[in-house]
Amino acid sequence: MKRIACLLLAVLMIAVCFTGCRKKEETAVLEVPDINYEVPEWYRDAKFGIFIHYGVYSVPAYGDEWYGHWMYIPDSATYGDDDIYTYHKETYGGAEKTGYKDFIPDFIKGITAWEKDGEAEKWAELFEKAGAKYVVPVGIHHDSYALYNSDIQKTYNSVAGAGIDYIGELKDSVTKRGMKFGVSNHFAENDWFFDETNGKGTDLENPDYAELYGTGGEKTKEHVEKWYGISMEIINKYQPDLIYYDFDLENDAFNRYEDANRYLMLQNYYDAAKQWNGCDGVVCNYKHSAFTQDIAVLDKEREALGTINPIAWQTDTSVGAKSWGYITNEEYRSGEEFITALIDIVSKNGNLLLNVGPKADGTIHDETQKILETIGAWLSTYGDAIYATRPWTVYGEGETENSGDSYQYTGKDIRFTKSKDSKHLYISALGKPEKNKIFVTALNKKRWDADKIENISLINGSKRTAIDWKQTDSALEISLPDGISGACAVDVTFCDGGKIPELLLPASDVIQTGGDTEFLLDFSKEENRFIAEISGEGAGNVKVYSDSEDKALCDIDAAEVKPGEKRFVTLDIPAADGAHRISFKASDGLTVDRFKFCKTVSADKRIEAETFDISRGNVRAEACSDGGENLGYVSEGDCVCFAGVDFGKGKTKLSVRLAGSGQSCNIRLDSPDGEVLCKVGGTDTGGWDKYQTFDYDIPKTAGVHSLYITYDNEWSDLNISWLDFL
């Protein structure tokens with residue numbers, strides 16, 4: 001039900017956004033400017049932050065923080081499947097009697113108590129105890145009630161209402177404890193958050209409240225300019241180390257006006273930060289395609305990436321499974337779950353931003369405090385494996401694949417991190433190891449040289465306890481002392497202060513380079529294709545060598561690569577066997593970000609969609625209601641690639657097994673923007689899990705090609721199970 005509710009919510013959001021975009025504006029979308037940016041070291045070291053959703057929605061405290069949206073819409077359900085409309089009718093007499101604005105007086109009482117009782121100090125003390133290194137309160141949510149001294153929301157802000165600068169006071173309490181401080185701005189969605197179509201006969205129709213309730217579904221120039229003004233006053237008044245933007249910022253309306261657009265905001269933020277005393281770099285978190293990873297930091301809401309990302313990124317999730325703001329009917333998760341989430345995310349070069357929702361009176365629920373204290377206790381013991389670390393060659397191994405916002409792991413799930421000087425390898429088990437032993441199969445005798453190990457020690461704060469270990473043909477076995485009851489971490493050091501030995505990697509794995517140019521790979525005779533993702537700027541080539549620069553496997557001629565762009569290149573290679581050292585030498589300005597060696601598959605046989613070689617974006621394999629697995633979790637710009645498909649003397653037809661509610665995707669040759677063989681989908685099959693087979697004619701296609709499935713819809717529930725070429 002959660003997925004269905006989430007999909008319905010996304011459909012509603014996009015439908016409203018599209019409604020707002022139909023009105024033609026006088027100015028076309030602007031060209032993306034060049035912005036120089038590097039993720040600051042403090043953020044890469046911090047790893048763990050606290051998100052705070054506190055606002056007017058904390059007063060009704062039911063369903064979720066979108067209470068003000070759903071209370072006006074009959075027959076609606078929240079992410080957690082609660083019926084806020086009916087609850088509001090039964091509890092408050094419906095929106096005709098009690099509008100969202102009518103909760104503001106009680107919120108003013110609550111935030112007044114928050115200040116009087118010194119909750120800012122109590123919060124900061126709790127967050128510090130939890131091990132957080134940065135704190136990000138919501139400064140203005142979709143409901144447009146500002147929790148700071150706003151010159152734009154003149155009536156609806158906490159200073160005008162209660163004489164309290166919530167953001168300013170919280171910043172003081174947080175920063176004096178050495179934590180970084182950010183502000184989250186969700187105003188971009190205010191134009192449609194209060195649905196005037198469903199608000200007939202309510203206060204949404206009253207123009208006296210237009211400052212609060214917005215423009216009713218259109219991203220007008222006035223709306224964009226107001227968002228821009230709010231963004232800049234937050235930046236200039238509070239000098240945040242981080243700003244966070246929620247959904248909708250990717251809408252083209254926010255890149256349409258020269259004097260008010262998302263890129264101008266970003267450049268002004270970075271320029272302003274250079275003038276702030278003591279500033280050591282700032283971060284802008286974004287979602288979807290609002291920016292690119294070369295100029296801002298990608299945020300994934302309630303989900304994590306499946307592998308190492310070469311650039312720092314972030315997951316944000318909440319202590320509650322249902323809401324971001326405080327609700328009385330919340331389903332709380334455990335602190336242990338978030339510990340494993342943190343370990344997994346950090347191993348993939350990410351940060352965890354964990355949300356809490358205080359009550360209307362500013363106090364934090366006992367269960368939330370327990371969760372944070374549990375995380376803090378673990379970090380005080382094993383934090384060296386988390387803070388100021390970097391991802392290793394691989395992120396880990398194990399039997400559990402995280403799907404979305406679930407972090408349930410076992411002691412067989414292992415994650416790696418390393419110290420910045422590469423002299424410490426940290427190995428973390430994500431659950432209680434069986435028989436007090438960690439078995440790391442990736443570090444067996446064939447793949448890794450354990451003779452250089454000096455010590456393996458259990459981490460206990462700044463202390464180390466040496467423990468026994470041995471390496472076998474199948475694994476590195478690490479013996480733990482009695483008393484380990486959950487996730488734990490060990491520190492591996494090497495002789496004479498040496499660096500971590502190189503790992504022999506399967507050539508058939510997708511390998512993130514992390515800027516490295518040499519890799520020791522194990523070939524199996526079957527790999528006869530090479531695929532690489534290249535970024536940078538300009539045109540040129542990348543030479544791929546095997547064992548020495550006298551032996552080139554292939555020479556990649558890269559077409560023009562634009563700033564922020566990533567381009568796939570596929571080539572035939574001679575088959576290899578055994579261990580070989582592969583190296584890259586790229587033209588100035590180009591970088592190989594990730595690569596893989598793979599085998600050609602025949603188009604005479606069914607191609608299972610989940611057997612793709614490499615992907616981009618959110619799309620990934622998931623359990624299929626039709627049997628086996630399918631491609632799902634799709635959003636705009638995603639694609640998967642089958643690096644080598646042999647069409648023989650020619651194929652002219654394609655059958656696809658798919659499910660969805662009408663979205664479509666393209667089947668392309670040789671690149672994500674290459675020739676379109678056909679567009680598939682576009683038919684409602686009855687839902688994302690109701691599969692049908694569709695037949696298409698395609699241009700006659702012969703020989704070996706890379707095959708791409710690309711997704712162009714802003715959002716999609718289109719799932720693909722398999723493809724047959726005839």
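Two strands count as paired if DSSP finds at least two bridges between them. In this predicted model, that criterion applies to strand E23, residues 538–546, and strand E24, residues 548–561, which pair in the antiparallel sense over 8 bridges. One of the residue pairs concerned is Lys 543, whose bridge partner in E24 is Asp 555. The two strands form a hairpin with 1 residue between them. Asp 547 is in the turn, and its phi is positive, at about 70 degrees.

The chain as a whole gives the setting for this hairpin. Its secondary structure comes to 14 helices and 39 strands. The radius of gyration is 26 Å, close to the 27 Å that the globule rule gives for 726 residues, so the chain is as compact as a globular protein of that length. Taken along the principal axes, the box filled by the C-alpha atoms is roughly 75 × 65 × 50 Å. Of the 726 residues, 59% are buried. Among contacts between residues at least 6 apart in sequence, 74% join residues at least 24 apart.

The surface and the charges can be described in the same overall terms. The accessible surface of the chain comes to about 28,300 Å², and carbon and sulfur atoms account for 46% of that area. The chain carries 77 positive and 121 negative charges, and the mean positions of the two sets are 3 Å apart.

Next comes a sheet. Four strands form an open sheet in the order E20-E27-E22-E25, with antiparallel pairing. Its edge strands are E20 (511–512) and E25 (566–572), each of which pairs on one side only. Strand E22 (residues 529–536) is joined to strand E27 (residues 590–598) by 8 bridges, and the two run antiparallel. Within this pairing, Arg 529 has Cys 598 in E27 as its bridge partner, while Ser 535 has Thr 591 in E27. E22 is also joined to E25, by 7 bridges and again in the antiparallel sense. There, the bridge partner of Phe 530 is Leu 571 in E25.

How much of E22 is buried? The strand is mostly covered, with 7 of its 8 residues buried. In a regular strand the side chains alternate between the two faces of the sheet.

Two individual residues illustrate contacts across the sequence. Thr 389 is placed in strand E9, residues 389–390. Its relative accessible area is 1%, and the cut-off for buried is under 20%, so Thr 389 counts as buried. Leaving out residues up to four places away in sequence, Thr 389 touches Arg 44, Lys 47, Val 346, Asp 384, Thr 417, Lys 418 and Tyr 426. Thr 389 and Lys 420 are 31 residues apart in sequence, and their C-alpha atoms are 5.8 Å apart in space.

Asn 444 lies outside the strands, in the loop between strand E13 (437–440) and strand E14 (453–460). Is this loop residue buried or exposed? Asn 444 has a relative accessibility of 11%, and therefore counts as buried. Apart from neighbours within four places in sequence, Asn 444 is in contact with Gln 471, Thr 472, Asp 473, Ser 474 and Ala 475. Asn 444 and Leu 503 are 59 residues apart in sequence, with a C-alpha to C-alpha separation of 9.8 Å.

Technical notes:
Residues numbered from 1 in each chain as written. Predicted model: local features only at pLDDT ≥ 70, side-chain atom pairs only at ≥ 80, totals over all residues. Heavy atoms only, no water. Rg over C-alpha atoms; globule rule 2.2 N^0.38 Å. Buried < 20%, exposed > 50% of the residue type's maximum accessible area, 1.4 Å probe, protein only. Contact = heavy atoms within 4.5 Å. Areas by Shrake-Rupley, 256 points an atom, 1.4 Å probe, with all protein chains shown as cover. Lys, Arg positive; Asp, Glu negative; His and termini not counted. Charge placed at Lys NZ, Arg CZ, Asp CG, Glu CD.
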